[in-house]
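Subject: A structure for you to look at

Hi there,

As promised, I am handing over the structure, with my notes underneath. Could you look it over before reading on?

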Amino acid sequence: PAKVGSTRLIGEIGVVTKDLGADLTENGSIQIGREEWPAETKGMEHIPAGTRVKVTHIEGTRVVVEAV
């Protein structure tokens with residue numbers, strides 16, 4: 001069966017559009033295709049905008065990513 005909702009994003013590659021990390025004042029985000037998603041990193045490490053990332057899982061309304 002086809003994946004639906006945010007679970008379809010697991011394993012997808014995107015690009016950071018707003019820096020990710022623990023010490024930032026704004027929430028980070030990534031773009032996958034034409035969609036922008038709120039994002040965070042598993043260890044809350046800093047990943048700057050422009051970095052390619054892979055979605056590892058979903059937590060609530062956020063995608064959790066790692067740099068690739």
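A quick definition before the notes: two strands count as paired if DSSP finds at least two bridges between them. By that rule β3 and β5 (residues 62-67) are partners, because three bridges join them, in the parallel sense. Within this pair, Ala39 has Val63 of β5 as its bridge partner.

Please keep in mind that this is a predicted model. The mean pLDDT of the protein is 91, and 94% of its residues reach 70 or more. Among the elements, β1 (residues 13-18) has the highest mean pLDDT, 97, while β3 has the lowest, 95.

Now the overall picture. The protein has five strands and zero helices, giving the pattern β-β-β-β-β along the sequence. In space, the five strands form a closed barrel in the order β1-β2-β3-β5-β4, with mixed pairing. On average, neighbouring strands of this sheet are turned by 55° against each other, direction ignored.

Going through the other pairs, I would begin with β1. This strand is joined to β2 (residues 28-32) by three bridges, and the two run antiparallel. Here Val15 is partnered with Gln31 of β2, and Val16 with Ile30 of β2. β1 also runs antiparallel to β4 (residues 52-59), again over three bridges, and in that pairing Ile13 stands opposite Lys54.

Next come β2 and β3 (residues 35-41), which are antiparallel and joined by five bridges. Ser29 stands opposite Pro38 of β3, and Ile30 has Trp37 of β3 as its bridge partner. Ile30 therefore turns up in two pairings, since DSSP bridges link β2 both to β1, through Val16, and to β3, through Trp37. The hairpin made by β2 and β3 has two residues between the strands, and Gly33 takes a positive phi there, near 65°.

What fills the largest nonpolar core? The core has 12 residues: Leu9, Val16, Leu20, Ile30, Ile32, Trp37, Ala39, Ile47, Val53, Val55, Val63 and Val65. Two or more of them come from each of β2, β3, β4 and β5. β2 is itself mostly covered, with four of its five residues buried. For the protein as a whole, 26% of the 68 residues count as buried.

Val65 is a good residue to click on if you want to see how the core is put together. Setting aside neighbours within four places in sequence, Val65 is in contact with Leu20, Ile30, Glu40, Thr41, Lys42, Val53, Lys54, Val55 and Thr56. Among those contacts, Leu20, Ile30, Val53 and Val55 are also members of the core.

For contrast, have a look at Gly43, in the loop between β3 and β4. Is Gly43 buried or exposed? Gly43 counts as exposed, because its relative accessibility is 58% and the cut-off for exposed is over 50%. Gly43 and Leu9, a member of the core, are 34 residues apart in sequence and 19 Å apart in space, C-alpha to C-alpha.

Lastly, a few words on overall dimensions. The C-alpha atoms fill a box of roughly 40 × 20 × 20 Å, taken along the principal axes. The radius of gyration is 11 Å, which agrees with the value near 11 Å that a compact globule of 68 residues would have. Of the contacts between residues at least 6 apart in sequence, 44% join residues at least 24 apart.

If you have only a few minutes, I would start with the parallel pairing of β3 and β5, and then trace the closed barrel from β1 to β4 in the order given above. I would be glad to hear your thoughts.

Best wishes

Definitions and conventions: Residues are numbered from 1 along each chain as its sequence is written. This is a predicted model: local features need pLDDT of at least 70, side-chain atom pairs count only at pLDDT 80 or more; totals for chains, interfaces and linings use all residues. Side-chain values use heavy atoms; hydrogens and water are left out. pLDDT is the predictor's confidence in each residue, from 0 to 100. Axes are lines fitted to C-alpha atoms, for helices over the stretch in contact, and angles run from 0 to 180 degrees between N-to-C directions. A nonpolar core is a set of buried Ala, Val, Leu, Ile, Met, Phe, Trp, Tyr and Cys residues joined through side-chain atoms within 4.5 Å. Buried means under 20% relative accessible area, exposed over 50%, partly exposed in between (1.4 Å probe, protein chains only). Contact means heavy atoms within 4.5 Å. The radius of gyration is taken over C-alpha atoms; the globule rule is 2.2 Å times the number of residues to the power 0.38.
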